[in-house]
Amino acid sequence: MALRLPITHRGDVWGIAVSLCELYCGRFVWHCEADTAEVVLAQALGICGLREGVPSSLLRKSPLDIRVLYTPAPRHLPLRRTPLGQLEALQPRRWGLEQVLGEDWRDGEKAAFGELLQAALVMDPAHRPSARELLEKCRFVTKEEAGGVRSERCAMR
């Protein structure tokens, strides 16, 4: 939304992933309602582990004048004006899902949950899976035949 791209059902996949992060942590991903679009975008870059900033391919799709909103290539970070009127680039202090799930999430019980979040938290909605595709990738969703009707159940560890 910060890039003013069309919103589709894949935005809901992003929203669910952010909500799951918040439920897991017991705190909001975005700190307060006063967070600007630039701050929220910088936080999204961090949770997605996008150290190079907003992907160029995504910026090309935006109708915004990115030259005044993001640092130039090769690293596209959001810009904001300081109280003194100077431009500053915003970048996360921490990168990846480790900030939500902990450093060892890939090796423990959280691996399947982390994989779900990684699959859903794709910055470019064109490359983000649909809800159905996301569920099909999940290791903790099993498909069973129940009386000739296919059903899915969640088998969280």
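Q: Why is the sulfur of C48 not counted as bonded to the closest cysteine sulfur, in C21?
A: In this predicted model, the sulfur of C48 lies 9.2 Å from that of C21, the closest cysteine sulfur, which is too far for a bond, since a disulfide requires the two sulfur atoms to be within 2.5 Å.

Q: What makes C25 a cysteine that is in no disulfide?
A: By the same cut-off of 2.5 Å, the count for the structure comes to 0 disulfides. For C25, the nearest cysteine sulfur is that of C21, and it is 6.4 Å away.

Q: Why is C25 called partly exposed?
A: Its relative accessibility is 30%, and because partly exposed covers what falls between under 20% for buried and over 50% for exposed, C25 belongs to that class.

Q: How do you know that the length of helix α2 agrees with its number of residues?
A: Helix α2 runs over residues 37-48, and at 1.5 Å a residue its 12 residues should span 16 Å; the C-alpha atoms at its ends are 16 Å apart, so the two values agree.

Q: What makes α2 a mostly covered helix?
A: Of its 12 residues, 9 are buried, among them V39, L41 and C48, and what covers the buried residues includes α1, β1 and α4.

Q: Why is the aromatic pair of Y24 and F113 called tilted?
A: A search of the whole structure finds 1 aromatic pair. In that pair, Y24 and F113 are 5.7 Å apart centre to centre, with 40 degrees between the planes; because under 30 degrees would count as stacked and over 60 as edge-to-face, the pair is tilted. Y24 lies in helix α1 and F113 in helix α5, so the pair ties together parts that are 89 residues apart in sequence.

Q: What makes D124 and K61 a salt bridge?
A: Their closest N and O atoms are 3.0 Å apart, which falls within the 4 Å that a salt bridge allows, and the structure holds 6 salt bridges. D124 lies in the loop between α5 and α6, whereas K61 lies in helix α3, so this pair ties together parts that are 63 residues apart in sequence.

Q: Why is D124 counted as buried, and K61 as partly exposed?
A: D124 has a relative accessibility of 7%, which is under the 20% cut-off for buried, whereas K61, at 44%, falls between that cut-off and the 50% above which a residue is exposed.

Terms used: Residues numbered from 1 in each chain as written. Predicted model: local features only at pLDDT ≥ 70, side-chain atom pairs only at ≥ 80, totals over all residues. Heavy atoms only, no water. Helix = DSSP H or I, 4+ residues; strand = E, 2+ residues; numbered from the N terminus. Expected span 1.5 Å × (residues − 1). Buried < 20%, exposed > 50% of the residue type's maximum accessible area, 1.4 Å probe, protein only. Contact = heavy atoms within 4.5 Å. Phe/Tyr/Trp six-rings, centres within 6.5 Å; stacked < 30°, edge-to-face > 60°. Salt bridge = Lys/Arg side-chain N within 4 Å of Asp/Glu carboxyl O.
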